[in-house]
Amino acid sequence: MPSHPGGRWGRGCRKTFWGATGGAQLNTSVSYTLPVTQQTRVVFGAGASFGDRTYLRARFGVPAVAGGAGPSRLPAYEPGGGLYSVDLGVDVMTALSRHWVVWGGVGASQVQGDARRSPLTVRPTSFSASLGLAYRCCR
């Protein structure tokens, strides 16, 4: 494990060419690693996700035909493109030995913009927790 603090940023783009939905998506993130001990580090992170109109319509839109049909009777909705999600999280990782590592984390994500206004969005904020154990074989 690195014993020095450091920040990182990342980004990822995805454009779907196959399939019915298509659209383009951009994910960005920043993180900061804080070493607590030689074996333990804490990582703080934040991110934002953007999508074009096609991407958001496929995931958060309600077509006019489906809007008035069926038992749900959701209103028709056509979102535009832009920011659709932000997230924050913190992870802790500890080396138990040369080969074994345990980690855990908590996070929150919130739907934003046109995606948040969609009738499909029931809970705009979600929370997550993770816990894991890993074996490193080749160190």
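**Note on the predicted model: helix H1, its contacts and the surface**

1. Ser31 is placed in strand E2 (residues 23-35), strands (E, at least two residues) and helices (H or I, at least four) being DSSP runs numbered from the N terminus. With a relative accessible area of 24%, Ser31 is partly exposed; the term covers values between buried, under 20%, and exposed, over 50% (1.4 Å probe, protein chains only). The C-alpha atoms of Ser31 and Leu88 are separated by 9.7 Å, although the two residues stand 57 residues apart along the chain.

2. The basis of the values should be stated here. The model is predicted, so that local features need pLDDT of at least 70 and side-chain atom pairs count only at pLDDT 80 or more, while totals for chains, interfaces and linings use all residues. Residues are numbered from 1 along each chain as its sequence is written, and side-chain values use heavy atoms, with hydrogens and water left out.

3. The protein chain has three helices and six strands. Read from the N terminus, the order of its elements is β-β-β-α-α-β-β-α-β. Of its 139 residues, 24% count as buried.

4. Which residues of H1 are buried? They are Tyr55, Leu56 and Phe60. These residues lie on the same side of H1, because they cover an arc of only 95° around the axis; the arc is that of the directions from the helix axis to the C-beta atoms.

5. The largest nonpolar core has six residues: Tyr55, Leu56, Phe60, Tyr84, Val111 and Ala115. A core of this kind is a set of buried Ala, Val, Leu, Ile, Met, Phe, Trp, Tyr and Cys residues joined through side-chain atoms within 4.5 Å. H1 gives the most to this core, with three residues. In soluble globular proteins, nonpolar side chains tend to be buried together.

6. Three aromatic pairs are found in a search of the whole structure. Rings of Phe, Tyr and Trp (its six-membered ring) pair if their centres lie within 6.5 Å; planes under 30 degrees apart count as stacked, over 60 as edge-to-face, and the rest as tilted. One of the pairs is Tyr55 with Tyr84, which is tilted, at 5.6 Å centre to centre and 40° between the planes. This pair links distant parts of the chain, Tyr55 being in helix H1 and Tyr84 in strand E4, 29 residues apart. Tyr55 counts as buried at 7% relative accessibility, and Tyr84 counts as buried at 8%. Together with Phe60, Tyr55 and Tyr84 form one aromatic cluster.

7. The salt bridges number three, each defined as a side-chain nitrogen of Lys or Arg within 4 Å of a carboxyl oxygen of Asp or Glu. Arg53 forms one with Glu78, their closest N and O atoms being 3.0 Å apart. Arg53 lies in helix H1 (residues 53-60) and Glu78 in the loop between helix H2 (64-67) and strand E4 (82-95), so this salt bridge ties together parts that are 25 residues apart in sequence.

8. Arg57 also forms a salt bridge with Glu78, with the closest N and O atoms 3.7 Å apart. Here too distant parts of the chain are linked: Arg57 is in helix H1 and Glu78 in the loop between H2 and E4, 21 residues apart. Arg53, Arg57 and Glu78 are thus named as a network of salt bridges. Within this network, Glu78 is exposed at a relative accessible area of 51%, whereas Arg53 is partly exposed at 45% and Arg57 is partly exposed at 39%.

9. Where do Asp114 and Arg117 lie? Both are in helix H3 (residues 113-117), three residues apart, about one turn of the helix. Their side chains meet in a salt bridge at 2.6 Å, N to O. Asp114 is partly exposed at 24% relative accessibility, while Arg117 is exposed at 55%.

10. A nonpolar patch on the surface is formed by Leu96, Trp100, Leu133 and Tyr135, with about 450 Å² of accessible area together. Patches consist of residues with over 30% relative accessible area and no salt bridge, like charges being joined within 9 Å and nonpolar side chains (Val, Leu, Ile, Met, Phe, Trp, Tyr) within 5 Å. The areas come from the Shrake-Rupley method with a 1.4 Å probe, and for residues only the protein chains shown count as cover. Leu133, in strand E6 (residues 125-135), is exposed with a relative accessible area of 53%.
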